[in-house]
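Subject: Handing over a structure

Hello,

I am passing a structure on to you, and my notes on it follow. Please have it open while you read.

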Amino acid sequence: MIAGTSKKIPTLIHESNALPGKTTIWLSSKVSTVAVGFEAAIKKLPKAKNVVYTGNPTKMKSNNDKQKMKEKLGFEDKSVVLVFGGSQGAKRINEVMVELINEKLLKNCSLIYATGPKHYDEIVAQIPEMPNNVKVERYIYNMEEVMAASDLLVCRSGALTTSEIGIVGVPAILIPFPYAAENHQYFNAKALEDVGGGIIVEEKDLNKDVLASKINELVVNKNKLKEMAANSRKIANTTAIDKIKEEIDKLAKLC
């Protein structure tokens, strides 16, 4: 990027998180355009020449037919709670979920829980009696369908996950990864919480009772879930790829 700017070549970078990283902040005053995944990032780049909110590119699509997805997956009679810790799983979330499942603390819902491929055998071995309302998976390959069928998510708050929550329109209990650079996952989660679409539970406060209480309280409150689902869509941007392309095209005309 520095080489490009020194040669007067138009330059564009994309920042996916709500809290811009140090490199983005440093480059923002030098490059032609900074595209951002969250509107909250704009005010954190005061020295940028040009900041454009584009959203984050993702293959996730909006799906308003939740009941159809529930029927397809066999969960039409209950609220569906989806728990995952990212593609590789999350150690603390896994520890809490084992306790929560073994003590049968979840009521009035069906649980789909992805452990992450490396942790599956270990987790299943720790649950001697799997409850009927719990389905444990190594990994969810049809995430778009499962997320669309879900009434509530429990997950980390990486940039893409948070963006996809908005696009699908689903309430979430967000547990930011506390060791992410500059705690940026917290700020992604805050963007969703601020519009009323999510609830943050920091990992230092996470335990079986806290998580079970929040899940059980929400799954029986259909009006609250509906309100949160609508609010989560406020951070959605389904045209991110097109918007980024538009900005590239603008710069290409300057070449």
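**Strand pairing and what lies around it**

Leu 111 has Val 134 in strand 6 as its bridge partner. Leu 111 belongs to strand 5 (residues 109-114), and this strand runs parallel to strand 6, with four bridges joining the two. A word on terms: helices (H or I, at least four residues) and strands (E, at least two) are DSSP runs, numbered from the N terminus. Two strands are said to pair if DSSP finds at least two bridges between them.

Before going on, please note that this is a predicted model, in which local features need pLDDT of at least 70 and side-chain atom pairs count only at pLDDT 80 or more, while totals for chains, interfaces and linings use all residues. Residues are numbered from 1 along each chain as its sequence is written, and side-chain values use heavy atoms, with hydrogens and water left out.

**The six-stranded sheet**

Strands 5 and 6 belong to an open sheet of six strands with parallel pairing, in the order 6-5-4-7-8-9. Strand 6 (134-137) and strand 9 (198-200) stand at its edges with a single partner strand each, so one side of each is left without a neighbour in the sheet. From one strand to the next, the twist averages 15°.

Two helices are worth finding on this sheet. Helix 4 (residues 91-102) packs on it and touches strand 4 (79-84), strand 5 and strand 6. The direction of helix 4 makes about 145° with that of strand 5. Helix 7 (residues 159-168) lies across strand 4, strand 7 (152-155) and strand 8 (172-174), and runs at about 175° to strand 7. Here, contact means heavy atoms within 4.5 Å. Axes are lines fitted to C-alpha atoms, for helices over the stretch in contact, and angles run from 0 to 180 degrees between N-to-C directions.

**The three-stranded sheet**

There is also an open sheet of three strands, in the order 1-2-3, again with parallel pairing. Strand 1 and strand 3 are at the edges, each with a single partner strand, so each has one side left without a neighbour in the sheet. On average, neighbouring strands here are turned by 25° against each other, direction ignored.

Strand 2 (residues 33-36) is joined to strand 1 (residues 12-15) by four bridges, and Leu 12 has Thr 33 as its bridge partner. Three bridges join strand 2 to strand 3 (residues 51-53), where Val 36 stands opposite Tyr 53. Strand 1, helix 2 (residues 22-28) and strand 2 make up a right-handed β-α-β unit. Right-handed means that, with the strands pointing away from the viewer, the path from the first strand over the helix to the second runs clockwise.

Which residues of strand 2 are buried on each side? Thr 33 and Ala 35 are buried on one side, and Val 34 and Val 36 on the other, so that both faces are covered. Buried means under 20% relative accessible area, exposed over 50%, and partly exposed in between (1.4 Å probe, protein chains only). Helix 11 (residues 240-252) lies across strand 1, strand 2 and strand 3, at about 160° to strand 1.

**A few single residues**

Asn 108, in the loop between helix 4 and strand 5, has a phi near 60°, a positive value in a residue other than glycine. Asn 108 counts as exposed, at 56% relative accessibility. Glu 182 lies in the loop between strand 8 and helix 8 (184-194), and its phi is near 55°, also positive. Glu 182 is partly exposed, with a relative accessible area of 43%. For background, most residues other than glycine have a negative phi.

Glu 99 is in helix 4 and is partly exposed, at 34% relative accessible area. Glu 99 and Gln 126 are 27 residues apart in sequence and 9.1 Å apart in space, C-alpha to C-alpha.

**The protein overall**

The protein has 11 helices and nine strands. Its C-alpha atoms fill a box of roughly 65 × 35 × 30 Å, taken along the principal axes. Of the 255 residues, 47% are buried. Among contacts with a separation of 6 or more, 63% are between residues 24 or more positions apart.

Best wishes
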